[in-house]
Number of protein chains: 2
Amino acid sequence: MASVHIELPQNSYAIHIEAGLLGLAGERVRGGAPHARCALVSDQTVSALYAQPTTASLEQAGFQVSRVDLDSGESNKNAASIERLYRGFLEDRLERSSPVIALGGGVVGDMAGFAAATYRRGVPFVQCPTTLLAMVDSSVGGKTGFNVPEGKNLIGAFHQPALVLIDPTVLRTLPDRELLCGIAECVKHAVIREPELFEWMKKNAQSILELDDAVIVELIERNVSIKAQVVMEDEKEHGVRAHLNFGHTFAHAIEATAGYGKVLHGEAVALGMLAATRASVEAGLCDVALLDSLERLLDTFGFETACALPDDVILEKAMRHDKKVIDDRVRLILPEALGRITIRDDLSPSCIRAGWNHIRQG
Amino acid sequence: MASVHIELPQNSYAIHIEAGLLGLAGERVRGGAPHARCALVSDQTVSALYAQPTTASLEQAGFQVSRVDLDSGESNKNAASIERLYRGFLEDRLERSSPVIALGGGVVGDMAGFAAATYRRGVPFVQCPTTLLAMVDSSVGGKTGFNVPEGKNLIGAFHQPALVLIDPTVLRTLPDRELLCGIAECVKHAVIREPELFEWMKKNAQSILELDDAVIVELIERNVSIKAQVVMEDEKEHGVRAHLNFGHTFAHAIEATAGYGKVLHGEAVALGMLAATRASVEAGLCDVALLDSLERLLDTFGFETACALPDDVILEKAMRHDKKVIDDRVRLILPEALGRITIRDDLSPSCIRAGWNHIRQG
């Protein structure tokens, strides 16, 4: 079993990566946050596949399991779903020490995490991510929240999990498009922190896409380690954690203008990284060779590298609604080279437009 | 000016007490959490009295002030009001660093605090409490939240303020019944931590009720110091902070069964302290003399010491919905003597009933 540990001033927790781990969830959760009741939060899609064995394991460990299955998809990451979680917790009288366990992708994890952060002013939270994206990104670091019409994750809280259990075998039932979304975040980690990972992903692209057991565990472990390192350096995103938003200001604008759910988050991030890198090249901050090699790697994995976009005024407005706007200036996370990132709020509109035009279809 | 300082592992802040402080809010807030935009959250009642001078001070200090006035009263401490705050913040595009300033009593402070805790995963928060209850209790310590039909404050978060500004002159417009509510919490502080304060309040009861300037500032400062001390010892209520809930398990059941707003929180706390002390006497944990002197002090201030109550089964059920239920056992905070508290979850139903009967009218 591979494990990564996170040490924060007020929270320390382990991320375990092991085939078949969902079947052991009960004893692991009892060890991490022992209590007689727990809530298992999932969505309809994941629940049909994995709720039964997970519930069985929890019950075997002595838990009384309260189940809430949310509607699947980003479009349901809203206040109404949070309300359903609260209602479920209240009806089953979950107590202050009852853990909430998220079984699903990032949407389920973010919402279950927010409900756990705010139910009775915070209850223990366990992440069992079932998408590659959630495994390498959202399940680690404590960001929770939901979307409002004005933008993604505009309501949220920092609430670190007590434990993260990653069972890579569940990726076998993950749709290819969702797998790619996780790969996009891995590419992002490689660009911002680890040139060696960039090379390793290039070399192992085929094995990653075929879900080769050893390669997938290594991919998850390397990426979780990067994410954990960044979170330990900067838990609340006052500094270096912002680097994880490479590509995301563009991505959020793509998702917001396309309508949530049309473009998947990872697809938008892949496009956003290209736009940001192109803007960086235009501003004279990085060499065009980086843009080329990023484009080639994304292409190897089968990503779209262009999409239909609304006009610049609409995109600009969407960017301004991003959480990273400070004093009305759009703050961009830009690569200078593989493994070297800069944060800039002084890019000219023409550099940003060059980024958008680079990924604009047709 | 009197000041009390709170030092917590991740947050330190000052509580300033000074006549006329609202008129200086702008420079104080700018010093504590400088930014070009801020939100001033109040309710209709308080807003009519104090929003104008506070806004003027904030604008003079260079803030662009976004105003949200909520409907007054505990019955509006709900998800719909939180939603109104989010909408207001989003419309005026408050940023991650824009402070949210609560101008009002505990209801306004709890809701503005929760919105500040969860808007963009947390923005700076400033408390300007306008009731004695909020000054000596809810504005210090970081508890935020709102009510759901199942009970009070069942959804919430810990979010410490960046600054607390207490202007005691505003108490001159506070209704007598509300003033009493604050006095109930002061009596509670005295019982759980400071026999000298109990004696001082007995001696100065008349001056307190007449809002004598020096006496009121001393009352606020002494009580804020007690609250601050408890919060510093135990920020997240894993231990000694629970002592502050003396009387509250009974009080919450009174409020829940009476319907929110019928009985004021402080009135319920006064009754709850009597019920808890009577239960403690019945269980042989404290002397009846304590019950007598508590009853006399409350009577001196003009509190009701009995009220109409539903039958025991309904009260018992309401108590079980309290946040302090662990493993289905009702955990009670009970006095052993002035300044000495014990936490018990093994009181017999007959002791609890004796508590209820003590305050049951007729």
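This is a chat about a predicted two-chain model and its contacts.

Visitor: What should I know before we start?
Guide: The model is predicted: local features need pLDDT of at least 70, side-chain atom pairs count only at pLDDT 80 or more, and totals for chains, interfaces and linings use all residues. Residues are numbered from 1 along each chain as its sequence is written, chains are lettered from A and ligands numbered from 1 in the order in which they are written, and side-chain values use heavy atoms, with hydrogens and water left out.

Visitor: OK, the interface. How many residues does each chain put in?
Guide: Chain A gives 40 residues and chain B gives 40 residues. Contact here means heavy atoms within 4.5 Å.

Visitor: And how much area is buried between them?
Guide: About 3,600 Å² between chain A and chain B. Carbon and sulfur atoms give 46% of that. Buried area is the accessible area (1.4 Å probe) that two parts lose on being put together, summed over both.

Visitor: How many salt bridges cross it?
Guide: Four between chain A and chain B. A salt bridge is a side-chain nitrogen of Lys or Arg within 4 Å of a carboxyl oxygen of Asp or Glu. One of them pairs R96(B) with E237(A), at 3.3 Å, N to O.

Visitor: How many residue pairs are in polar contact?
Guide: Ten between chain A and chain B, with both residues at pLDDT 80 or more. A polar contact is a pair of N or O atoms within 3.5 Å; within protein, one must be able to donate a hydrogen and the other to accept it, and residues adjacent in sequence count only if both atoms are side-chain atoms.

Visitor: Which elements of chain A give two or more residues to that side?
Guide: They are α3 (79-91), α4 (106-118), β7 (143-148), β8 (151-158) and β10 (325-326) of chain A. The largest share is from β8(A), with six residues. Helices (H or I, at least four residues) and strands (E, at least two) are DSSP runs, numbered from the N terminus.

Visitor: How do the residues on chain A's side divide?
Guide: Into 15 nonpolar, eight polar and 17 charged. Ala, Val, Leu, Ile, Met, Phe, Trp, Tyr, Cys and Pro count as nonpolar, Asp, Glu, Lys and Arg as charged, and the others, Gly among them, as polar.

Visitor: What rotation superposes chain A on chain B?
Guide: A rotation of 180 degrees, with 0.0 Å of shift along its axis and an RMSD of 0.0 Å. That is the relation of a two-fold axis. Copies are superposed by least squares on the C-alpha atoms of residues with pLDDT of at least 70 in both. Also, 100% of the interface residues of chain A are interface residues in chain B too, so the copies meet through the same surface.

Visitor: New topic. How many salt bridges over all chains?
Guide: The whole structure has 46. Take D71(A) and R84(A), at 3.6 Å, N to O. D71(A) sits in the loop between β4 (64-70) and α3 of chain A, and R84(A) in helix α3 of chain A, so the pair ties together parts 13 residues apart in sequence.

Visitor: Buried or exposed, that D71(A)?
Guide: D71(A) is partly exposed, at 31% relative accessibility. R84(A) is partly exposed as well, at 38%. Buried means under 20% relative accessible area, exposed over 50%, partly exposed in between (1.4 Å probe, protein chains only).

Visitor: What about R172(A) and D213(A)?
Guide: Their side chains form a salt bridge at 3.5 Å, N to O. R172(A) is in the loop between β9 (163-166) and α6 (176-193) of chain A, D213(A) is in helix α9 (residues 213-233) of chain A, and the two are 41 residues apart. R172(A) is exposed at 57%, and D213(A) is exposed at 51%.

Visitor: Switch to burial. Which residues of α14(B) are buried?
Guide: C351(B), I352(B), A354(B), G355(B), W356(B) and I359(B), in helix α14 (residues 349-359) of chain B. Their cover includes α10 (248-258), α11 (265-282), α13 (312-320) and β12 (332-337) of chain B.

Visitor: Where is S66(A)?
Guide: In strand β4 of chain A. S66(A) is buried, at 4% relative accessibility. Leaving aside neighbours within four places in sequence, S66(A) is in contact with residues including C38(A), L40(A) and D92(A).

Visitor: Last one. What is the phi of R120(B)?
Guide: Positive, about 50 degrees, although R120(B) is not a glycine. R120(B) is in the loop between α4 (106-118) and β6 (125-129) of chain B, and is buried at 4% relative accessibility.
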